[in-house]
Amino acid sequence: MKLQLFLLMFLLSVGSLSAQELYIPGKVTKGKDASYYCSSTNALIVLRNVQNRDTTEIVYDKNGKVVEYILSIYPSHPFKNYFVSILKEILTKEEWKELIEKNRFILQMRFLLDQTGGIKEITFMFFKTNTVFKQLSPDRFYLLEQKLKQNFKFDLTSEQKNHKNPKSYFTIGSRDLIKL
């Protein structure tokens, strides 16, 4: 009887460990190559690499004044294709299938750019209900971040090149994945 009780308690504890959240708002989740700070809104989990210096949405010009009207910087259509190919590399086949079929997936990224349009920092945002991204390790987010930084640039206007810290958002959803 004691052995049965012990086994039951052991199985329950293992089940609860596997069900724990990887990203908890207000906490840092550490990986081998990177650590991510987690915050949240009502619906979203927000992850930023702890090495990121710029944690605001404010854009400044080169004189240090806040830019009141920010022109959007859009990545070109090939960015979606490129992003999807990277995401397919990082996810397992099961995760990819789950992402498309079950998650009503949306991933939003905020990019901090340099004056040439290169990506300096990325903040990731996804729905709290997204089971794939909630369990994606910090090292896999870091791999996604590094591949985007190394292989993609935004086209900045002359006005945007005068910003001290140009920023851009990019959102990709399930419909985009299915189309590509």
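**A walk through the predicted chain**

Glutamate 101 is placed in helix 3, which covers residues 93–102. With a relative accessibility of 53%, glutamate 101 counts as exposed, because the cut-off for that class is over 50%. Its C-alpha atom is separated by 8.4 Å from that of serine 174, a residue 73 positions away along the chain. The model in which these values were computed is a predicted one.

Helix 3 is one element of a chain whose secondary structure comes to 7 helices and 6 strands. Read along the sequence, these elements follow the pattern α-β-β-β-α-α-β-β-α-α-α-β-α. The chain has 180 residues, and 38% of them count as buried. The surface that the chain exposes is about 11,100 Å², with 55% of it supplied by carbon and sulfur atoms. Among contacts with a separation of 6 or more, 69% are accounted for by residues 24 or more positions apart. Several residues show what such pairings look like in detail.

Alanine 34 is a suitable place to start. It sits in the loop between strand 1 (28–30) and strand 2 (35–40). Alanine 34 counts as buried because its relative accessibility is 8%, and the limit for that class is under 20%. Setting aside residues up to four places away in sequence, alanine 34 touches Thr29, Asn49, Pro138, Asp139 and Tyr142. For one of these, Tyr142, the separation along the chain is 108 residues, while the C-alpha atoms of the pair are 6.2 Å apart.

Another residue that alanine 34 touches is asparagine 49, found in strand 3 (residues 44–49). Asparagine 49 has a relative accessible area of 4% and is therefore buried. Its side chain reaches the backbone nitrogen of glutamine 51 at 2.9 Å. Leaving out residues up to four places away in sequence, asparagine 49 touches Ala34, Ser35, Tyr36, Tyr142 and Glu145. Tyr142 thus appears in the contact list of alanine 34 and again in that of asparagine 49.

Glutamate 145, also on that list, belongs to helix 5 (residues 138–151). Its relative accessibility is 0%, so glutamate 145 counts as buried. What does this charged residue touch, not counting residues up to four places away in sequence? The residues are Tyr36, Asn49, Asn52, Ile122 and Phe124. Tyr36 is touched by glutamate 145 and by asparagine 49. The contact between Asn49 and Glu145 joins a residue of strand 3 to a residue of helix 5.

Asparagine 130 offers a further case. This residue lies in the loop between strand 5 and helix 4 (131–134). At 2% relative accessibility, asparagine 130 counts as buried. A polar atom of its side chain lies 2.8 Å from the backbone nitrogen of phenylalanine 133. Asparagine 130 and isoleucine 45 are 85 residues apart in sequence, and their C-alpha atoms are 9.4 Å apart in space.

The last topic is the space left inside the chain. Rolling a probe the size of a water molecule over the atoms shows where empty space remains. The count here comes to 1 cavity of 30 Å³ or more, and the largest cavity holds about 30 Å³ of space. Its lining consists of Asp54, Arg110, Phe111, Leu112, Glu121 and Thr123. Strand 4 (106–113) and strand 5 (119–127) are the elements that give two or more residues to this lining. The largest share, 3 residues, comes from strand 4. By residue class, the lining of the largest cavity divides into 2 nonpolar, 1 polar and 3 charged residues.

Technical notes:
Residues numbered from 1 in each chain as written. Predicted model: local features only at pLDDT ≥ 70, side-chain atom pairs only at ≥ 80, totals over all residues. Heavy atoms only, no water. Helix = DSSP H or I, 4+ residues; strand = E, 2+ residues; numbered from the N terminus. Buried < 20%, exposed > 50% of the residue type's maximum accessible area, 1.4 Å probe, protein only. Contact = heavy atoms within 4.5 Å. Areas by Shrake-Rupley, 256 points an atom, 1.4 Å probe, with all protein chains shown as cover. Polar contact = N/O pair within 3.5 Å; in protein donor to acceptor, adjacent residues only side chain to side chain. 1 Å grid on protein atoms, 1.4 Å probe; cavity = no way out; pocket = protein on both sides within 12 Å on 5 of 7 lines; lining within 4 Å. Points joined across faces, edges and corners; volume = space filled by probe spheres on them. Nonpolar A, V, L, I, M, F, W, Y, C, P; charged D, E, K, R; others polar.
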